[in-house]
Amino acid sequence: MASIDPFIQLSELDAVSPVIASLLALAQIIYMLPRSAKGRSALWALALISLGPYAAYTIAMRNARSMTLHSLEHPIEVLIRNAQADFNQMLERQSKTYADAVNEYQRRYEVEPPPGFEAWYEFAVANQSPIIDEFDTIYESVSPFWKLSGKEVVQIMNDAQDTADIDLWLCTFSGKTAETHCIHPRRNADRHVSDLMNRLLGDLRGVLPDVKFLVNHLDEPRVLIPRLTHPNPSAKQWFTVTDLSERPTWNAITKYCPSHVLQGENGKTSPQTEPKTEDLPLITNLSAALDLCQHPEYANMHGLFQGPPSFRLIEGRVPVLSTGAPSTMSDILIPSPAYVLEDEFLYNATFDVPWPQKDNHLYWTGSTTGAVASATNDWHHFHRQRFISLAQNLEPGRHHLYLTSPPPASAPTAGSHKPTLTTSPFLNPHNYHVFPTRIFQCSAPQPCREQASHFRAQSWQPRDAALGARLVFDLDGNGISGRFHKLLASRSLVLKQTLLREWHDDRLAPWLHYVPVSVGMAELPEVVRWLVETERGRAAARELGRAGAEWAARAVREVDVKLYVWRLVLELARLVDEGRGALAVVGESD
Ligand SMILES: *[C@@H]1O[C@H](CO)[C@@H](O)[C@H](O)[C@H]1NC(C)=O
């Protein structure tokens with residue numbers, strides 16, 4: 001009991017009770033010894049075994065508290081203000097009439113909107129969609145296929161369906177009945193893809209065109225489009241399929257990055273134990289943070305690159321619908337069925353907790369998905385394991401960055417002093433409630449056994465347990481995290497880390513609806529400390545939690561998912577229209 005480390009206990013009580021218990025036990029032993037025993041009172045020295053670490057812990061806690069930035073403006077406050085201003089401008093810019101919407105579409109994409117756009121627009125207005133023009137995600141998904149004719153797209157889809165190991169669903173949407181049927185040569189369950197389409201589009205009989213599309217039911221993304229400098233029109237093969245399941249994928253996923261920015265996998269990019277940045281590395285540019293080509297270090301920081309459970313890479317211009325994809329991949333993004341159909345991932349206000357009653361800490365529990373741990377990779381470098389290690393303070397040598405106020409004496413005039421960046425090995429364990437609840441995805445028992453002894457685990461938690469915390473963490477598993485919308489809709493504030501683009505990216509603003517967290521997480525200890533320990537930070541957390549919930553209720557409703565899918569179906573129908581030639585695409589690099 002005396003050896004229990006106070007620095008990793010979740011509360012003051014957990015930290016002090018082993019000390020008291022071990023002192024009582026020691027006292028009992030000493031008083032049970034015969035009074036005549038030699039050196040009896042010297043045994044009291046053993047009390048230092050528990051008192052020493054506890055004293056160190058108390059001092060560290062007091063120091064940390066006195067160093068915390070209380071009164072100065074925090075850089076996060078600036079980011080929040082800017083995000084609000086940008087976002088309000090974006091909302092005001094949205095088209096107010098159908099003619100405006102058409103003009104805006106032409107201005108952005110230099111082609112006409114797809115047939116059926118007017119009915120879509122009327123429905124969006126009738127349902128008070130605050131977003132009319134922000135669908136660049138659909139454009140970025142679909143436009144790489146515009147240089148193919150409709151005939152070619154259909155031929156590629158048929159070829160794909162005939163490829164034995166490609167593992168895709170072919171879905172058919174009938175405009176007349178508004179029903180979707182999906183078929184797969186080997187599988188029976190499409191993981192709710194057809195249910196999702198039927199739920200969202202089932203009442204639109206006679207409104208939409210017939211359309212066929214390919215769907216990826218795996219968690220992981222699929223499509224990589226080669227950057228050919230000289231496309232070879234005589235090439236018979238439109239695509240290749242490579243199974244990289246449970247193997248490193250980084251080199252494959254980043255092979256078309258501009259050559260000067262990258263080298264990973266073999267490069268010695270260790271997780272950043274010693275951050276070198278001068279400033280606190282808060283995410284200020286989300287698309288740069290997501291860009292794999294700018295971050296060779298990601299090769300050893302995210303499970304997707306180190307051994308995803310299933311990774312069947314399709315290299316070629318094959319239109320495939322997936323729920324998430326990293327910056328270099330070209331899957332067409334659809335909302336995850338979890339967001340609409342799965343009870344576990346739906347927000348119900350009955351189970352939310354008023355802000356003052358929420359626990360003032362960062363909550364995450366979940367399983368160790370992300371990659372398959374094996375003898376040839378190192379689970380310490382998978383993203384979920386890295387996050388748990390940080391939050392449970394399991395890396396003794398690691399130094400954390402904090403912003404601190406300069407001592408009052410050294411501040412010459414009010415207003416001229418700035419927060420300074422310092423490093424400290426201290427991480428306040430009371431600010432985190434982070435546990436793996438299931439340790440699995442190992443190719444042999446050994447790596448799972450190692451993880452079970454490395455991490456402090458918890459049993460499975462009730463599905464709404466996260467709503468009891470003010471701050472909730474959300475990060476990728478094997479694919480996107482289906483919990484995101486639910487956490488966003490709650491009054492809790494979401495801290496979100498991901499490398500996957502999703503359907504909602506155009507409508508969610510970092511630092512306004514949620515707090516973005518980098519893959520390196522060097523900023524996380526300070527972000528959490530400020531949000532939990534300071535009055536200004538707590539007020540900001542409450543306000544952002546409220547803003548996220550309010551926006552989710554306005555723009556991440558089921559009808560908003562429907563609007564996205566409807567618009568996507570119009571684009572897909574144009575894509576596979578066999579009467580269509582290749583659409584001119586200005587500005588495509590290859
Ligand atoms: C929320 O949960 C309550 C209690 O289980 C239930 O009665 C209610 O219908 C649910 N609300 C929604 C919108 O699902």
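Leaving aside its neighbours within four places in sequence, which residues is T68 in contact with? Keep that in mind for the first close-up, and remember throughout that this is a predicted model.

**Figure 1. A close-up of T68, a loop residue between α2 and α3.** Helix α2 covers residues 48-67 and α3 covers 75-93, with T68 sitting in the loop that lies between them. Here's the reply to our opening question: once neighbours within four places in sequence are set aside, T68 is in contact with S405, R529, E533 and T534. Is T68 buried or exposed? Its relative accessibility is 3%, so T68 counts as buried, given that the cut-off for buried is under 20%. Take a look at Y402 as well: T68 and Y402 are 334 residues apart along the chain, yet 8.1 Å is what separates their C-alpha atoms.

**Figure 2. Strand β3 and its two pairings, with β1 and with β7.** β3 runs over residues 211-215, and four of its five residues are buried, so to speak "mostly covered". With β1 (residues 169-173), β3 pairs in the antiparallel sense over five bridges. To spot one of them, find F173 and look for its bridge partner in β3, V211. With β7 (residues 320-322), the pairing of β3 is parallel and has two bridges. Here you can pick out L214, whose bridge partner in β7 is V320.

**Figure 3. An open sheet of three strands.** Follow the strands across in the order β4-β6-β5, and you'll see that the pairing is mixed. Why is one side of β4 and of β5 left without a neighbour in the sheet? β4 (223-224) and β5 (239-243) stand at the edges and have a single partner strand each, so there is no neighbour in the sheet on one side of each. Zoom in on β5 and β6 (residues 312-316): these two pair in the antiparallel sense, over five bridges. One pair to look for is V241 and its bridge partner in β6, I314.

**Figure 4. The ligand and the residues that surround it.** Around the ligand you'll find N348, T350 and F351. N348 has a polar side-chain atom 2.3 Å from an oxygen atom of the ligand. Taken alone, the ligand exposes 360 Å², and the protein buries 26% of that.

**Figure 5. Domain 1 and domain 2.** The domain assignment gives residues 6-54 to domain 1, while domain 2 is made of 75-83 + 344-556. How far apart do the C-alpha centres of the two domains lie? The distance is 36 Å. As for contacts, seven residues of domain 1 touch 10 residues of domain 2.

Methods: Residues numbered from 1 in each chain as written. Predicted model: local features only at pLDDT ≥ 70, side-chain atom pairs only at ≥ 80, totals over all residues. Heavy atoms only, no water. Near = heavy atom within 4 Å. Polar contact = N/O pair within 3.5 Å; in protein donor to acceptor, adjacent residues only side chain to side chain. Areas by Shrake-Rupley, 256 points an atom, 1.4 Å probe, with all protein chains shown as cover. Buried < 20%, exposed > 50% of the residue type's maximum accessible area, 1.4 Å probe, protein only. Pairing = 2+ DSSP bridges. Domains from an automatic or database assignment. Contact = heavy atoms within 4.5 Å.
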